[in-house]
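Colleague: I'm new to reading structures. Could you walk me through one?

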Amino acid sequence: MNGIESWYWSTIVERVKSGEFLSARYEAITIRLAPKTTWTPDFFIIKKDGTAMFHETKASWKGAGQDVSRVKVKLAAEMYPEFEFSVIMIKNKKVSSVESL
């Protein structure tokens, strides 16, 4: 778990304790997108109402491999509409934006 993921995990834990989320796991599920192509979201979360969702944390979409990462998140959201997918952008230990897909 990198620094951004670690910080965001602490916020998820608080939300589990408050009852907003029933449970949460780090890198618990790997999604097959195509033969030999997978994506492992940062967080798998079950909300209080039973809805399953995936959160991917990012500091930026810039940098090596980020274009591929962005495509994988969007593809997973299209392939599995029964789940909620969100990209959580984090700057200076604060959520700067949330993109729900």
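Modeller: Sure, starting with surface: accessible areas come from the Shrake-Rupley method with a 1.4 Å probe, and for residues only the protein chains shown count as cover. Here the accessible surface is about 6,100 Å², and 53% of that belongs to carbon and sulfur atoms. This is a predicted model, where local features need pLDDT of at least 70 and side-chain atom pairs count only at pLDDT 80 or more, while totals for chains, interfaces and linings use all residues. Residues are numbered from 1 along each chain as its sequence is written, and side-chain values use heavy atoms, leaving out hydrogens and water.

Colleague: How many helices and strands does the protein have?

Modeller: Helices (H or I, at least four residues) and strands (E, at least two) are DSSP runs, numbered from the N terminus. This protein has two helices and seven strands, in the order α-β-β-β-β-β-α-β-β.

Colleague: Why is strand β5 largely enclosed?

Modeller: Buried means under 20% relative accessible area. Seven of the seven residues of β5 (residues 52-58) are buried, so the rest of the structure largely encloses that strand. Ala52, Phe54, Glu56 and Lys58 point one way, and Met53, His55 and Thr57 the other.

Colleague: Which strands pair with β5?

Modeller: Two strands pair if DSSP finds at least two bridges between them. Strand β4 (residues 43-47) pairs with β5 in the antiparallel sense over four bridges, with Ile46 partnering Ala52. Those two strands make a hairpin with four residues between them, and Gly50 in the turn has a positive phi of about 95°. Strand β6 (residues 84-91) runs parallel to β5, joined by six bridges; there, Glu56 stands opposite Val87.

Methods. Buried means under 20% relative accessible area, exposed over 50%, partly exposed in between (1.4 Å probe, protein chains only).
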